[in-house]
Amino acid sequence: MGVFTFEQETTSTVAPAKLYKAVVHDADDIIVKAVDEIKSVEIVEGNGGPGSIKKLNFVEGGQNLYVLHKIEAIDEANFGYNYSIVGGAGIPDTVEKISFEAKLFEGPNGGSIGKMTVKYHTKGDAKPVEKEVEEGKAKGDALFKAIEGYVLANPNY
């Protein structure tokens, strides 16, 4: 198995504590409201903490699809959240799992800086396909921005 690592960084005008609450604790409810393609999120194993697996159901290209998302770690004190995509439409045939290590930091003007390390764990000696990596990054960025947009549009959140 090969492991290929990529770094991502994004910024937000939302304070880290508020954004962390939205992204980690309330995302299951928010994304269904903020992203039309996402139909539901359900816990299929565990209690919502580390080790739990969530099933995110969505429509893409007219097809009903899903992604299995395993929570690896939650670090409330440092605004950290680690998870992996372990099954469903989000996993190319050559990939065993895709792991994400995310952390929020204080940003300029009371906002946040989000840093993410993405690791593709490939099968055998396969390498990630650049197009699939770019599509994954775009989907992740869109999801993050949708949650951020929901928080900004709902000041009492």
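A contact here means heavy atoms within 4.5 Å. The structure is a predicted model, so to speak of a local feature takes pLDDT of at least 70, side-chain atom pairs count only at pLDDT 80 or more, and totals for chains, interfaces and linings use all residues. Residues are numbered from 1 along each chain as its sequence is written, and side-chain values use heavy atoms, with hydrogens and water left out.

Starting with the overall picture, the protein has three helices and seven strands, where helices (H or I, at least four residues) and strands (E, at least two) are DSSP runs numbered from the N terminus. Read from the N terminus, the order is β-α-α-β-β-β-β-β-β-α. The radius of gyration is 15 Å, close to the 15 Å that the globule rule gives for 157 residues, so the protein is as compact as a globular protein of that length; the radius is taken over C-alpha atoms, and the rule is 2.2 Å times the number of residues to the power 0.38. The C-alpha trace spans about 45 × 30 × 30 Å along its principal axes.

As for packing, 38% of the 157 residues are buried, with buried meaning under 20% relative accessible area, exposed over 50% and partly exposed in between (1.4 Å probe, protein chains only). Among contacts with a separation of 6 or more, 47% come from residues 24 or more positions apart. The accessible surface adds up to about 8,800 Å², and carbon and sulfur atoms own 52% of that; these areas come from the Shrake-Rupley method with a 1.4 Å probe, and for residues only the protein chains shown count as cover.

Now to the strands, which pair if DSSP finds at least two bridges between them. Strand β2 (residues 38-45) runs antiparallel to β3 (residues 53-60), with six bridges joining them, and Ile-43 sits opposite Lys-54 in β3. Strand β3 in turn is joined to β4 (residues 63-75) by eight bridges, again antiparallel; Phe-58 has Leu-65 in β4 as its bridge partner. The β3-β4 hairpin leaves two residues between the strands, and Gly-61 takes a positive phi near 60° there.

Moving along, β4 and β5 are antiparallel over eight bridges, with Ile-71 opposite Tyr-83 in β5. Tyr-83 also stands opposite Phe-100 in β6, and β5 and β6 are an antiparallel pair with six bridges. The hairpin that links β5 to β6 does so through six residues.

Val-67 is a handy spot to look at within β4. At 14% relative accessibility, Val-67 counts as buried. Leaving aside residues up to four places away in sequence, Val-67 touches Lys-54, Lys-55, Leu-56, Phe-58, Ile-85, Gly-87, Gly-88, Ala-89 and Gly-90. Asn-47, by contrast, is 20 residues from Val-67 in sequence and 18 Å from it in space, C-alpha to C-alpha.

Finally, some backbone oddities. Most residues other than glycine have a negative phi. Phe-79 is not a glycine, yet its phi is positive at about 55°. This residue belongs to the loop between β4 and β5 (80-88), where the hairpin has four residues between the strands. Phe-79 is partly exposed, at 22% relative accessibility. Asn-109 likewise has a positive phi of about 55° without being a glycine. Asn-109 lies in the loop between β6 (95-106) and β7 (112-122), and at 84% relative accessibility it counts as exposed.
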